Amino acid sequence: YVIAADVLYEPRNVDLLLDLLPRLVDKKGRILIADPGRNPAEDFIARATAGRWHVRTTSSARHPRVRLHRLRLR
């Protein structure tokens, strides 16, 4: 498992994460990223989904702005 929070606050982090994450997990691995709805996170999720990742995003009724992105390799 890779667990991260608030790591997509700058656009430059999108490319860094897309490059790093496949080196940290195999097809059995899981990645959890929490984000409060920043614009770079939207870009990251769109590019991850278009690429090699299956992404499922949920939010809490208690904190609807904060989203949890669950990623796994396809």
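Which residue in β4 is the bridge partner of Ile 33? The residue is His 69, and we will come back to its surroundings below. Please keep in mind that this is a predicted model.

## The sheet

Let's begin with the overall layout. Four strands make up an open sheet, arranged in the order β1-β2-β4-β3 with mixed pairing. β1 (2–5) and β3 (53–59) each have a single partner strand and stand at the edges, so one side of each has no neighbour in the sheet. From one strand to the next, the twist averages 15 degrees.

The mixed pairing is easy to follow from β2. Toward β1, strand β2 (residues 31–35) runs parallel and is joined by four bridges. Two partners to look for are Leu 32, which is the bridge partner of Ile 3, and Ala 34, which is the bridge partner of Ala 5. Toward β4 (residues 67–73), β2 runs antiparallel, and five bridges join the two strands.

## The two faces of β2

In a regular strand the side chains alternate between the two faces of the sheet. In β2, Ile 31, Ile 33 and Asp 35 belong to the covered face, while Leu 32 and Ala 34 belong to the uncovered one. To get from β1 to β2, the chain passes through helix α1 (residues 12–24), and this β-α-β crossover is right-handed.

## Helix α1 and the loop before it

How well does the length of α1 agree with what its residues should span? With 13 residues at 1.5 Å a residue, α1 should span 18 Å, and its end C-alpha atoms are 19 Å apart, which agrees. The buried residues of this helix are Asn 13, Val 14, Leu 17, Leu 18, Leu 21 and Pro 22. Among the elements that cover them are β1, β2, α2 (39–50) and β3.

Just look at the loop between β1 and α1 to find Glu 10. Glu 10 has a relative accessible area of 28%, so this residue counts as partly exposed. Its side chain makes a polar contact of 2.8 Å with the side chain of Arg 12. For a sense of distance, the C-alpha atoms of Glu 10 and Thr 49 are separated by 19 Å, with the two residues 39 apart along the chain.

## Two residues of β4

Is His 69 buried or exposed? His 69, found in strand β4, has a relative accessibility of 2% and therefore counts as buried; the cut-off for buried is under 20%. The side chains of His 69 and Thr 57 are joined by a polar contact of 2.8 Å. Setting aside residues up to four places away in sequence, His 69 touches Ile 31, Leu 32, Ile 33, Asp 35, Ile 45, Arg 56 and Thr 57.

Arg 67 also lies in strand β4. With a relative accessible area of 17%, Arg 67 is buried. Which side chain is joined to that of Arg 67 by a polar contact of 2.5 Å? The partner is Glu 42. Glu 42 also appears in the list of residues in contact with Arg 67, which leaves aside neighbours within four places in sequence. That list includes Ile 33, Ala 34 and Asp 35, as well as Gly 37, Arg 38 and Ala 41. Thr 57, Thr 58 and Ser 59 are among the contacts of Arg 67 too.

Terms used. Residues numbered from 1 in each chain as written. Predicted model: local features only at pLDDT ≥ 70, side-chain atom pairs only at ≥ 80, totals over all residues. Heavy atoms only, no water. Pairing = 2+ DSSP bridges. Axes fitted to C-alpha atoms, helices over the stretch in contact; angles between N-to-C directions. Buried < 20%, exposed > 50% of the residue type's maximum accessible area, 1.4 Å probe, protein only. Right-handed = clockwise from strand over helix to strand, strands pointing away. Polar contact = N/O pair within 3.5 Å; in protein donor to acceptor, adjacent residues only side chain to side chain. Contact = heavy atoms within 4.5 Å. Expected span 1.5 Å × (residues − 1).
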